[in-house]
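Colleague: Got a minute to walk me through this model? I'd like the overall picture, then some details.

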Amino acid sequence: MKTIDLKNKTVLVTGAAGFIGASLCRELLKREPGITLIGVDSMNDYYDVSLKEYRLKELQKLGGDFRFIKANIADKTFMQELFAQHDFAVVVNLAAQAGVRYSITNPDIYIESNLIGFYNVLECCRHSYDGGRQGVEHLVYASSSSVYGSNAEIPYSTDDKTDSPVSLYAATKKSNELLAHAYAKLYQIPCTGLRFFTVYGPAGRPDMAYFGFTNKLRRGETIEIFNYGNCRRDFTFVDDIVEGVIRVMRGAPERQIGADGLPLPPAQVYNIGNSHPENLLDFVDILQQELIAAGVLPEDYDFESHKRLVPMQAGDVPVTFADTTPLQRDYGFCPSTPLRDGLRAFAQWYKQFYQI
Ligand SMILES: NC(=O)c1ccc[n+]([C@@H]2O[C@H](COP(=O)([O-])OP(=O)(O)OC[C@H]3O[C@@H](n4cnc5c(N)ncnc54)[C@H](O)[C@@H]3O)[C@@H](O)[C@H]2O)c1
């Protein structure tokens with residue numbers, strides 16, 4: 001593995017106003033005072049844009065050399081100009097259209113952001129070496145646990161076959177891994193794909209279950225628990241994801257020559273998950289307790305009358321469970337924040353953000 005010192009380097013984070021992107025930028029600005037951080041985000045309205053604006057405001061407060069550009073990574077001209085203006089040492093591609101269910105009704109945006117956008121990132125990394133320049137030392141990109149489809153084997157290992165996606169979103173993420181591998185082989189771009197497992201935390205995504213449940217419970221509405229609660233998810237606290245991403249940014253796959261005398265693709269894929277799947281009903285129970293403790297819901301909240309057990313939805317999978325042994329082996333880290341601690345941080349943030 002090649003160690004990369006981020007000190008005084010220029011780093012590109014796409015999806016910088018997003019949940020994980022903004023959390024990553026925050027930590028990079030805190031830990032790497034000399035860094036020049038370029039954040040790109042289209043600020044799309046898939047969910048409440050004011051949340052993205054809030055995250056950016058919080059970042060601006062930190063000082064440091066953070067420059068935000070509102071732009072679409074699917075815009076090739078913009079991307080080429082961006083890479084012409086900056087010598088990025090590390091690129092972290094988090095910009096994507098997320099969400100499994102939304103991809104059933106809105107496929108176009110997944111093709112645009114997740115395929116064309118990612119292709120543009122790869123092309124720009126490829127040309128960053130033109131003219132003998134050092135170019136991009138490491139491309140880190142977000143993949144997803146959804147690539148495992150309805151994998152029967154648990155925990156999910158990066159050695160498992162992932163050729164049977166059950167949603168368009170998953171198919172785009174698997175495609176990212178394949179495209180990255182091909183570009184790594186052809187142009188020796190050191191690439192690492194990270195399969196994130198259900199990420200949650202403060203300033204998170206309102207389209208995700210824990211946030212949506214909280215909104216509904218607060219309004220006195222009934223929440224729907226899919227597959228009658230027989231779902232197990234590896235819920236991963238955002239700070240753990242950020243720690244993992246930063247460690248990975250600092251260690252790129254080595255460029256090596258194979259036995260046939262040809263370059264080997266410096267491409268890797270890792271899981272980042274909590275490795276401790278929780279039953280959905282237990283998850284909701286802890287969430288409710290923490291919402292009461294934080295003062296988001298009243299002490300006497302009648303929780304039982306506000307939940308309904310319903311069947312599974314198309315595109316969903318019954319269990320996700322990450323094997324993080326390779327991440328631990330290569331980067332000495334795996335997520336471990338207990339669900340209660342993470343949900344407490346979310347509940348406290350929620351109370352303050354919505355001024356309850
Ligand atoms: N949160 C999770 O549980 C989870 C799980 C697995 C994978 N991921 C992946 O991690 C990454 C970050 O996810 P997140 O939860 O922070 O989602 P997010 O939606 O909060 O962040 C993504 C950001 O990318 C921006 N964006 C989308 N398309 C763009 C484009 N074409 N050009 C520029 N910006 C664009 C959006 O405006 C958004 O701010 C995504 O790639 C997502 O697929 C997330």
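Modeller: Sure. The protein has eleven helices and 15 strands. Both are DSSP runs, numbered from the N terminus: helices are H or I with at least four residues, strands are E with at least two. The radius of gyration is 20 Å, close to the 21 Å that the globule rule gives for 356 residues, so the protein is as compact as a globular protein of that length. That radius is taken over C-alpha atoms, and the globule rule is 2.2 Å times the number of residues to the power 0.38.

Colleague: Experimental or predicted?

Modeller: This is a predicted model: local features need pLDDT of at least 70, side-chain atom pairs count only at pLDDT 80 or more, and totals for chains, interfaces and linings use all residues. Residues are numbered from 1 along each chain as its sequence is written.

Colleague: What does the C-alpha trace span along its principal axes?

Modeller: About 65 × 45 × 40 Å.

Colleague: And how much of the protein counts as buried?

Modeller: 46% of the 356 residues. Buried means 20 or more other C-beta atoms within 10 Å of the residue's own; exposed means 12 or fewer; partly exposed is in between, with C-beta atoms placed from the backbone. As for contacts with a separation of 6 or more, 83% come from residues 24 or more positions apart. A contact means two C-beta atoms, placed from the backbone, within 7 Å.

Colleague: Let's do helices. At what angle do α1 and α8 pack?

Modeller: About 60°, with the axes 9 Å apart. Here α1 is residues 19–31 and α8 is residues 238–249. Axes are lines fitted to C-alpha atoms, for helices over the stretch in contact, and angles run from 0 to 180 degrees between N-to-C directions.

Colleague: Left-handed or right-handed crossing?

Modeller: The crossing of α1 and α8 is right-handed. That is, the near helix is turned clockwise from the far one by less than a right angle; anticlockwise would be left-handed.

Colleague: Which residues meet there?

Modeller: From α1, Phe19, Ile20, Ser23, Leu24, Glu27 and Leu28. From α8, Val238, Ile241, Val242, Val245 and Ile246. They divide into nine nonpolar, one polar and one charged. Nonpolar covers Ala, Val, Leu, Ile, Met, Phe, Trp, Tyr, Cys and Pro; charged covers Asp, Glu, Lys and Arg; the others, Gly among them, are polar.

Colleague: Why does that kind of spacing along a helix come up?

Modeller: An α-helix has 3.6 residues a turn, so residues three or four places apart point the same way.

Colleague: Back to Glu27. What is it in contact with?

Modeller: Leaving aside neighbours within four places in sequence, Glu27 touches Val242 and Ile246. Glu27 counts as partly exposed, because it has 14 C-beta neighbours inside 10 Å.

Colleague: New topic. How long is α9?

Modeller: Helix α9 runs over residues 280–294, 15 in total. It reaches 21 Å from first C-alpha to last, close to the 21 Å expected at 1.5 Å a residue. The expected span is 1.5 Å times one less than the number of residues.

Colleague: Which of its residues are buried?

Modeller: In α9, Leu280, Phe283, Val284, Leu287, Gln288, Glu290 and Leu291. Their cover includes α7 (209–218), β9 (223–225) and α11 (339–353). Just after α9, Gly295 has a positive phi of about 85°.

Colleague: And α7?

Modeller: Its buried residues are Ala209, Tyr210, Phe211, Phe213, Thr214 and Leu217. Their cover includes β8 (199–200), β9, α9 and α11. Gly220, just after α7, takes a positive phi of about 80°.

Colleague: What does Ile223 contact?

Modeller: Beyond neighbours within four places in sequence, Phe213, Lys216, Leu217, His306 and Lys307. Ile223 sits in strand β9. The C-alpha atoms of Ile223 and Lys307 are 4.8 Å apart, with their positions 84 residues apart along the chain.

Colleague: Any odd backbone spots?

Modeller: Some background first. Most residues other than glycine have a negative phi, and most peptide bonds are trans. Ala203 has a positive phi near 55°. Ala203 is in the loop between β8 and α7, and is buried, because it has 20 C-beta neighbours inside 10 Å. Tyr228 also has a positive phi, about 55°. Tyr228 lies in the loop between β9 and β10.

Colleague: Which peptide bond is cis?

Modeller: Ile154 to Pro155, with omega near -5°. Pro155 lies in the loop between β6 (138–144) and α6 (168–187).
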